[in-house]
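User: I am new to this model and would like a close look at one part, the place where chains meet. Please walk me through it slowly, and then show me some of the surroundings.

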Amino acid sequence: MAKIIVVTSGKGGVGKTTSAAAIATGLALRGNKTVVIDFDVGLRNLDLIMGCERRVVYDLINVIQGEAGLNQALIRDKRTENLHILPASQTRDKEALTPEGVEKVLETLSQEYDFIVCDSPAGIEHGAQLAMYFADEAIVVTNPEVSSVRDSDRILGLLASKTRRAERSEPPVREHLLITRYDPNRVTSGDMLTLEDVREILAINLVGLIPESEAVLRASNQGVPVVHDMDSDAGQAYADTVSRLLGEDVPLRFHEYQKKGLLSRMFGGGRR
Amino acid sequence: MKLLEFLKRERKKSASVAKERLQIIVAHQRGQRDQPDYMPMLEKELLEVIRRYVQVDQDAINISLDSDNDCSVLELNVTLPRDE
Ligand SMILES: Nc1ncnc2c1ncn2[C@@H]1O[C@H](COP(=O)(O)OP(=O)(O)OP(=O)(O)O)[C@@H](O)[C@H]1O
Ligand SMILES: [Mg+2]
């Protein structure tokens, strides 16, 4: 039986797709059979971040409507073993995504995979609720910023009431906080909420902290999930996050103001 | 001396303002979380009724539902304006 993890946030553009791609890839790199599903019908871009846009033939809705088999729609990742992508439809109506259809797809995938990662659309409506409905765990992606934190709190409310686990009075969805686009310099100058602030306000377990990083745009330009770039801060931070999801105790990194390195001190003309 | 104090007293950092605002917003959202779906409507209609008699602000009314094992208590707080 697979573990179903939804990557969600309420607010748009905070880094859900970046995170879903990096975490799914990270889980697969660690030897777990993983599938990552794009629930963002009409605005799919997981395929772009994963670099498989030219190999999309069928999508989740084709499968739900019986127009294609699951194995025809699943795309095998070129770089990473054990990793598959199930794209969303670019053109079809959101309403074609039915709870019964999604349940069937997830049930079938559950037999085969260790992890099913669901990339949620923004918002708190139909699509977002469906992406979280069957989840066992939720990664709540949050930027250190007022509207993102507020929306994350609303998502926590939905996770506690509008999921299958909640409706069946089963043990609740396990909630993880993932803070992204964190800028320690701005935190130090008092212009960005601190990690502790966000954690205190949302009061859920922190699974990772991803710094604001140039590596993310570079990765999306290339269509290679940033976790492959292990020289980068964001790549390492996502790898740490995956380790924590797998139950390992990994110390937090990249949350402190970085003093300039020797090279940039010598050539950057900076003062010491 | 006063000048030195003035210089030392920092302008309130924007992040701490953000935190204070969020604490209030989140407390409010969580208060509403476990409420029955009819509460916002009930609150709105109660406000309309009260306004037929007294001019009160939108936020002068505070309504909450507390449940324990065998009964629920609907608590309604209305702040009335001071008599002129
Ligand atoms: N750690 C980071 N550092 C720098 N840029 C980032 C970081 N994380 C995400 N971004 C950028 O933020 C933008 C939005 O990211 P992404 O598409 O992952 O968000 P999303 O939550 O999936 O958006 P949507 O709600 O539209 O689905 C992208 O341009 C991405 O490159
Ligand atoms: Mg997205």
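Analyst: Let's start with a word we will need often: buried means under 20% relative accessible area, exposed over 50%, and partly exposed in between, using a 1.4 Å probe and protein chains only. By that rule, 17% of the 84 residues of chain B count as buried. Please keep in mind that this is a predicted model, in which local features need pLDDT of at least 70 and side-chain atom pairs count only at pLDDT 80 or more, while totals for chains, interfaces and linings use all residues. Residues are numbered from 1 along each chain as its sequence is written, chains are lettered from A and ligands numbered from 1 in the order in which they are written, and side-chain values use heavy atoms, leaving out hydrogens and water.

Chain B is a good place to begin. Its secondary structure comes to three helices and two strands, where helices (H or I, at least four residues) and strands (E, at least two) are DSSP runs numbered from the N terminus. Read from the N terminus on, they run α-α-α-β-β. Among contacts (heavy atoms within 4.5 Å) in chain B between residues at least 6 apart in sequence, 29% join residues at least 24 apart. For one residue of this chain, look at B:Q32, which sits in helix α2 (residues 14-33). B:Q32 is partly exposed because its relative accessibility is 39%. Its C-alpha atom is separated by 9.3 Å from that of B:L65, 33 residues apart along the chain.

Now to the meeting place itself. Here 17 residues of chain A are in contact with 13 residues of chain B. The area buried between the two chains (the accessible area, with a 1.4 Å probe, that two parts lose on being put together, summed over both) is about 1300 Å², and carbon and sulfur atoms give 57% of it. On the chain A side, A:V146, A:D153 and A:I201 supply 40% of the area that chain A buries against chain B, more than any other three residues.

Charges and polar atoms join in too. Four salt bridges (a side-chain nitrogen of Lys or Arg within 4 Å of a carboxyl oxygen of Asp or Glu) link chain A and chain B. There are also 11 residue pairs in polar contact between the chains, both residues at pLDDT 80 or more. A polar contact is a pair of N or O atoms within 3.5 Å; within protein, one must be able to donate a hydrogen and the other to accept it, and residues adjacent in sequence count only if both atoms are side-chain atoms.

Which helices of chain A carry this side? Both α7 (146-161) and α10 (195-202) supply at least two residues each to the side that touches chain B. Helix α7 of chain A gives the most, with seven residues. Sorted by type, the residues of this side are eight nonpolar, three polar and six charged. Here Ala, Val, Leu, Ile, Met, Phe, Trp, Tyr, Cys and Pro count as nonpolar, Asp, Glu, Lys and Arg as charged, and the others, Gly among them, as polar.

One salt bridge is worth finding on screen: A:D197 and B:K19, whose closest N and O atoms are 3.3 Å apart. A:D197 lies in helix α10 of chain A and B:K19 in helix α2 of chain B, so this pair joins two chains. Both A:D197 and B:K19 are buried.

For comparison, here are salt bridges within chain A. A:E103 and A:R164 meet at 3.1 Å, N to O. They link distant parts of the chain, A:E103 in helix α5 and A:R164 in helix α8 (residues 164-167), 61 residues apart. A:E212 and A:R181 also pair, at 2.9 Å. They sit 31 residues apart, A:E212 in the loop between β8 and α11 and A:R181 in strand β7. In addition, A:K3, A:E137 and A:R174 form a network of salt bridges.

A last stop is A:S9, in the loop between β1 (3-8) and α1 (16-29) of chain A. A:S9 counts as buried because its relative accessibility is 0%. A polar atom of its side chain lies 2.6 Å from the backbone oxygen of A:K11, and its side chain makes a polar contact with that of A:K16 at 3.0 Å. Leaving out residues up to four places away in sequence, the residues that A:S9 touches include A:D151, A:S152 and A:I155.
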